[in-house]
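Visitor: I am new to reading protein models, and I would like to learn how to go from a picture to careful statements. Could you take me through one, step by step?

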Amino acid sequence: NLSGANLSGANLSGANLSGADFSGLDLSGLDFFKANFSGANFSGANLSGGDLSMGNLSGADFSGADLSGADLRLANLSGADLSGADLSGADLTAAIQ
C-alpha cells in the first residue's frame with residue numbers, strides 16, 4: 001500500500017510492483033517504462049502524461065483513472081479494468097488488450 005506516498009520525479013522503469021496499491025495517487029508524468037504492474041490497483045489515480053510503454057499491466061485496475069496523454073505503446077492490458085478511465089490523447093499503439 002503506497003497511500004500518501006510522494007513519488008514525484010521517481011523513475012520506476014523496469015520495476016516489479018505487481019499487486020501494488022496506487023489508488024488515488026498523483027503519478028502524473030512518471031516513468032514506468034517496462035514496469036510490471038500486473039494486478040496493481042490504479043483506481044482513481046492520476047497517470048496523465050506517464051510512460052507505461054511496454055509495461056505488463058495485465059489484470060490491473062484503472063477504473064476511474066486519468067490516463068490522458070499517457071504512453072501505453074506495446075503495453076499488455078489484457079484483463080485490465082479501464083471502466084471510466086480517461087484515455088483522451090493516450091497512445092495505445094500496438095497495446096495488447
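Visitor: Let me begin with a single residue: is Lys-34 buried, partly exposed or exposed?

Guide: Please keep in mind that this is a predicted model. A residue is called buried under 20% relative accessible area and exposed over 50%, with partly exposed in between. Lys-34 has 46% relative accessibility, and therefore counts as partly exposed.

Visitor: What is there to notice about the phi of Lys-34?

Guide: The general idea is that most residues other than glycine have a negative phi. Lys-34 has a positive phi of about 60 degrees although it is not a glycine, and Leu-74, also not a glycine, has a positive phi of about 60 degrees as well.

Visitor: Which residues form a nonpolar patch on the surface?

Guide: The patch is formed by Phe-33, Met-54 and Leu-74, which together have about 260 Å² of accessible area. Leu-74 has 49% relative accessibility and so counts as partly exposed, while Phe-33, at 30%, is partly exposed too.

Visitor: How many salt bridges are there, if I apply the usual distance rule?

Guide: The rule asks for a side-chain nitrogen of Lys or Arg within 4 Å of a carboxyl oxygen of Asp or Glu, and by this rule the count comes to two. In one of them the side chains of Asp-71 and Arg-73 meet, with 2.6 Å from N to O; in the other, Asp-91 meets Arg-73 at 3.8 Å, N to O. Through these shared partners, Asp-71, Arg-73 and Asp-91 are joined into one network.

Visitor: Which of these charged residues are buried, and which are partly exposed?

Guide: Asp-71 has a relative accessible area of 15% and is therefore buried, whereas Arg-73, with 38%, is partly exposed, and Asp-91, with 28%, is partly exposed.

Visitor: Stepping back to the whole protein, how many helices and strands does the secondary structure come to?

Guide: The secondary structure comes to zero helices and zero strands. One may still ask about overall size: for 97 residues a compact globule would have a radius of gyration near 13 Å, and the protein has 11 Å, which agrees. Its C-alpha atoms fill a box of roughly 30 × 25 × 20 Å along the principal axes.

Visitor: And what share of the residues is buried?

Guide: Buried residues make up 37% of the 97 residues. The accessible surface of the protein comes to about 4,300 Å², and 46% of that surface belongs to carbon and sulfur atoms.

Note on methods. Residues are numbered from 1 along each chain as its sequence is written. This is a predicted model: local features need pLDDT of at least 70, side-chain atom pairs count only at pLDDT 80 or more; totals for chains, interfaces and linings use all residues. Side-chain values use heavy atoms; hydrogens and water are left out. Patches are made of residues with over 30% relative accessible area and no salt bridge: like charges are joined within 9 Å, nonpolar side chains (Val, Leu, Ile, Met, Phe, Trp, Tyr) within 5 Å. Accessible areas come from the Shrake-Rupley method with a 1.4 Å probe; for residues, only the protein chains shown count as cover. Buried means under 20% relative accessible area, exposed over 50%, partly exposed in between (1.4 Å probe, protein chains only). Helices (H or I, at least four residues) and strands (E, at least two) are DSSP runs, numbered from the N terminus. The radius of gyration is taken over C-alpha atoms; the globule rule is 2.2 Å times the number of residues to the power 0.38.
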